[in-house]
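Student: Could you take me through one part of this model closely? I would like to see how one helix packs against its neighbours, and then hear a little about the ligand.

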Amino acid sequence: MRDLLVRARVLLSGARSLLVLTGAGVSAESGVPTFRGPGGLWETHRPEDLATPRAFTRDPRLVWEWYGWRREVVSACRPNPAHRAIARRALAGGAHVVTQNVDGLHETAAREEAGAEDPGRGLPLELHGSLFRVRCTGCGRRSADRGRIDASSEETLPRCERCGALLRPDVVWFGEGLEPEVLGRAFDLARQADACLVVGTSGLVHPAASLPLTASGAGAPVVEVNLDPTPLSRTAAVSIRAPAGEVLPELLSAR
Ligand code: OAD
């Protein structure tokens, strides 16, 4: 393990443009449930009932109840040492954070690590949206929203101030495409990266899982941190099987 850490650290510390791609595993030590595996959200919930446009049309109350619950769970969670180490590296320059997570913990870590400074460089590109943003199903307007969701009936669900239509969580659901602009930026970062760190993702959901493959295809070594092997492990120059919060502070620390 020590040898692997040293090798990975050498690969990452020399990078002038580091792409950091994260998934649910980076937040697991903060107490946020992952999607797959023991205790994962998709073990006890059916995505097609809760995370598709059809599910929302059929039963917006049920969908909002689930997202309201997830908001409450995540609101009680704090960034862990992995989020903090990633934020420090990004704030120092030369690293970009791209996340599949909708929990906002990279952003919180960036703001806290930046203190009185501008957190801009530490803010992640959120491929799958955010639990703490809403989008109007009528006029498409997006806004930040951290309020409590009252899903006791369809009448109490959040509505657009401007046009009165139902608001929905601003997250990407199954069967929906990612925002073209966000996706374009993510692939630009992957093509420009001279190293790529992949943390806590099962690597099963594309296009996110294609980002490390693109970086690798353009010559960037890939370092993976995950508890288990994944389809991305084959592409990785170094795979570290350990909890992200335990290894990232050392892996990303400045010499
Ligand atoms: P998954 O739940 O599929 O995978 C989590 C990964 O994190 C697994 O490979 C675990 O082995 C690993 N893991 C768990 N705890 C860890 C820890 N402490 N340190 C390091 N690794 C750890 O989550 P994602 O890959 O993020 O999409 O899932 C991708 C997408 O599938 C999600 O964004 C979501 C889901 O359906 C949408 O909702 C659109």
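Tutor: Happy to; we will start with helix α7 and its two partners, then turn to the ligand and a proline. This is a predicted model, so local features need pLDDT of at least 70 and side-chain atom pairs count only at pLDDT 80 or more, while totals for chains, interfaces and linings use all residues. Residues are numbered from 1 along each chain as its sequence is written, and side-chain values use heavy atoms, with hydrogens and water left out.

Two packed helices are described by the angle between their axes and the distance between the axes. Axes are lines fitted to C-alpha atoms, for helices over the stretch in contact, and angles run from 0 to 180 degrees between N-to-C directions. Helices here are DSSP runs (H or I, at least four residues), as are strands (E, at least two), numbered from the N terminus.

Take helix α7 (residues 81–92) with helix α11 (residues 244–251): their axes come within 7 Å and cross at roughly 25°. That makes α7 roughly parallel to α11 (angles under 35 degrees count as roughly parallel, over 145 as roughly antiparallel, 65 to 115 as roughly perpendicular and the rest as oblique). On the α7 side, Pro81, Ala82, Ala85 and Ile86 make the contact, meeting Ala244, Gly245, Leu248 and Pro249 of α11; contact means heavy atoms within 4.5 Å. By class, this contact has 7 nonpolar, 1 polar and no charged residues (Ala, Val, Leu, Ile, Met, Phe, Trp, Tyr, Cys and Pro count as nonpolar, Asp, Glu, Lys and Arg as charged, and the others, Gly among them, as polar).

The other partner of α7 is helix α8 (residues 105–114), packed at an angle of about 60° with the axes 8 Å apart. The two helices are therefore oblique to each other. From α7, the contact uses His83, Arg84, Ile86, Ala87, Arg88 and Leu91, and from α8 it uses Leu105, His106, Ala109, Ala110, Glu112, Glu113 and Ala114. These residues divide into 7 nonpolar, 2 polar and 4 charged.

Now the ligand: 23 residues surround it, the closest being Phe35, Arg36, Thr201, Ser202 and Asn226 (a residue is near if one of its heavy atoms lies within 4 Å). A ligand oxygen atom sits 2.6 Å from an N or O atom in the side chain of Ser202, and an oxygen atom of the ligand is 2.7 Å from a polar backbone atom of Phe35.

Finally, Pro207 is found in the loop between β7 (195–199) and α10 (210–217). The peptide bond from His206 to Pro207 is cis, with omega near 10°, whereas most peptide bonds are trans.

Methods:
Polar contact = N/O pair within 3.5 Å; in protein donor to acceptor, adjacent residues only side chain to side chain.
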